[in-house]
Amino acid sequence: MKRLGRSVLGLLPDNVAVPQYGDQDVRVGIVHFGVGNFHRAHQAMYLDRLMNVGLARDWAICGVGLLERDARMRDALRGQDGLYTLTLRHPDGTDETSVVGSIPRFLYAPEQPEAVLAQMVSPDVRIVSLTITEGGYVADPINGRNPEDDPLVAAEVASGLAQPRTAFGWIVAALRERRARGIAPFTVLSCDNIPGNGQVCRMSVEGVARLVDPQLAKWIAAEVAFPATMVDRITPVTAPADLDRIRETLGVEDAWPVASEPFTQWVVEDHFPTGCPPLEQVGVTLTADVEPYEAIKLRLLNGAHQAMAYLGQLAGFTYVDEACADPRFAGFVRAYIEREGVPTLTVPDGFDLPGYIEQLFERFGNPQVRDPLARLSVDTSNRIPKFVLPVVADRLAAGSSCPVGAAVIAAWRAGCRLAAQGRFILDDADATSLVTAAGGDRRDFLTQVPTLAPFAANPGFVAAFERAADLLERGGPDALIDGIE
């Protein structure tokens, strides 16, 4: 069977959209770190839409891989002329497949460092973007992370950034070279699911720069833009069945297809000193203030994901849609959203919050997406502090209770306890310390997990947490769900 590439586009079924442009028609204007499924289903998709109508053809993407596992993405894209398939899985079982071509170039930094720097220094590149996950940032005020404590940062700083190891080391090295050559700096655009991602990204870049050259750090602070963004599209990992589905429906091999839900949203702070693609032409919201949109998404969608991640797996569910098909479990998630999340929000004028919530449950219940709960529980030590704890903090500050939020933390602890017994997979950089904290008394989990420690001083929250933990231990997930007040 032939592999996906430019030469087979004419052989694909008529209902498969293909790029209306060739590599010779586009020029790289964006360098992106973290070319995974989400980036390919989201940012790259938006650029592909623009290019297909003759716009933004000087904003093609050059992907950059830093990690050993990124070599697989390099091979997949290079072997397919930078093309891949994106399939939108509609709830009624309909698939909508297109071929995306907005990433014509991919560089694997460990093998091509000179090419990476040259691409980033090119005046054509006006945006450097990132989807490196919550744990990829080397400065994080929520988790207390500092660049100087990161071993990869220490190694790249020791070499004077002659051999960058992190996305931020590469950004600083490229900005340093652009400054030396008199080339205007690019805009740095975080597309990760973290509160205030523009500011967190700025702190990471400036923090690395200060360790290398304090004057360079001052120049970056004065000259480089770090717009905030809010991104949304549920995009599971690629499963073997996804590859089989493409073979059967398209008659070609795609080494790494992407499947996602139909819904997509992108809200971007409109601050690009050297320009940006006309994203508003394809449904992106450009605004002066991203924060209200960001809070709605992070606290409701991502917070709900954390509410179901551990408890759903403890209850024996594998996928989000399975868990939400259970009315009692769905009621637990809805209680978190409506009773605890919503009261902490400031809703933008004209935003239909009840409609948004109903749409969330439609998305959660999409049986075609098959989003694994295990995906949602990866790096919980980064996710719960960003998505759930702000809700808890605001509720407590207002003198209100948050029994569902406390139950989410109790389920997290229960998962960590099972991990110690080999009965649960804990995919978290802090797995060792979490298992230790969960192995003691209930309150030890609050006092020994740094991001939870501030809540250990609130008697009401401690009581709700201990009650939830007790219900879980005595009666399991059913008892906890039934016992939510």
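These legends go with close-up views of a predicted model.

**View 1. Helix 12 and its cap.** Helix 12 covers residues 327-341, and its 15 residues should span 21 Å at 1.5 Å a residue; the end C-alpha atoms sit 20 Å apart, which agrees. Just ahead of the helix, Asp326 caps the N-terminal end, with a side-chain oxygen 2.9 Å from the backbone nitrogen of Arg328. Which residues of helix 12 are buried? The list runs Phe329, Ala330, Phe332, Val333, Ala335, Tyr336, Ile337, Glu340 and Gly341. For anyone reading that pattern, an α-helix has 3.6 residues a turn, so residues three or four places apart point the same way.

**View 2. Helix 12 against helix 17.** Two packed helices are described by the angle between their axes and the distance between the axes. Here the axes of helix 12 and helix 17 come within 9 Å and cross at roughly 130°. That angle is neither over 145 degrees, where roughly antiparallel begins, nor in the 65 to 115 range of roughly perpendicular, so helix 12 and helix 17 are oblique to each other. On the helix 12 side, the residues at the meeting point are Phe332, Ala335, Tyr336, Arg339 and Glu340. Helix 17 brings Pro403, Val404, Gly405, Ala407 and Val408.

**View 3. The largest nonpolar core.** This core has 70 residues. Its members with the most contacts inside the core are Phe332, Ile337, Phe364, Ile409, Trp412, Phe445 and Phe461. Which helix supplies the largest share of the core? Helix 17 (residues 403-420) does, with 12 residues. Zoom in on Phe461 and, leaving aside neighbours within four places in sequence, you find Phe461 in contact with Val392, Leu396, Cys402, Ala406, Ile409, Leu446 and Phe455. There is also a second, separate core of 41 residues, and among its members are Val28, Cys62, Leu161 and Cys201.

**View 4. Helix 7.** The 16 residues of helix 7 (residues 197-212) should span 22 Å at 1.5 Å a residue, and the end C-alpha atoms are 23 Å apart, which agrees. Buried positions in helix 7 include Cys201, a residue that also belongs to the second core. The rest of the buried list is Asn197, Gly198, Val200, Arg202, Ser204, Val205, Glu206, Gly207, Val208 and Ala209.

**View 5. His32 in strand 1.** His32 lies in strand 1, residues 28-33. Its relative accessibility is 0%, so His32 counts as buried. Beyond the neighbours within four places in sequence, His32 is in contact with His39, Gln43, Ile61, Cys62, Gly63, Val64, Ser129, Leu130 and Thr131.

**View 6. Gln265 in strand 10.** Strand 10 (residues 265-269) holds Gln265. Is Gln265 buried or exposed? At 16% relative accessibility, Gln265 counts as buried. Not counting residues up to four places away in sequence, Gln265 touches His42, Tyr46, Met230, Val231, Asp232 and Tyr356.

**View 7. Two aspartates with positive phi.** Most residues other than glycine have a negative phi. Asp81 has a phi near 55°, and phi of Asp379 is near 55° too. Asp81 is in the loop between helix 3 (70-78) and strand 3 (84-89), while Asp379 is in the loop between helix 14 (373-376) and helix 15 (380-387). As for exposure, Asp81 is partly exposed, with a relative accessible area of 35%. Asp379 is at 18%, and because buried means under 20%, Asp379 counts as buried.

Methods. Residues are numbered from 1 along each chain as its sequence is written. This is a predicted model: local features need pLDDT of at least 70, side-chain atom pairs count only at pLDDT 80 or more; totals for chains, interfaces and linings use all residues. Side-chain values use heavy atoms; hydrogens and water are left out. Helices (H or I, at least four residues) and strands (E, at least two) are DSSP runs, numbered from the N terminus. The expected span of a helix is 1.5 Å times one less than its number of residues. Buried means under 20% relative accessible area, exposed over 50%, partly exposed in between (1.4 Å probe, protein chains only). A polar contact is a pair of N or O atoms within 3.5 Å; within protein, one must be able to donate a hydrogen and the other to accept it, and residues adjacent in sequence count only if both atoms are side-chain atoms. A nonpolar core is a set of buried Ala, Val, Leu, Ile, Met, Phe, Trp, Tyr and Cys residues joined through side-chain atoms within 4.5 Å. Contact means heavy atoms within 4.5 Å. Axes are lines fitted to C-alpha atoms, for helices over the stretch in contact, and angles run from 0 to 180 degrees between N-to-C directions. Angles under 35 degrees count as roughly parallel, over 145 as roughly antiparallel, 65 to 115 as roughly perpendicular and the rest as oblique.
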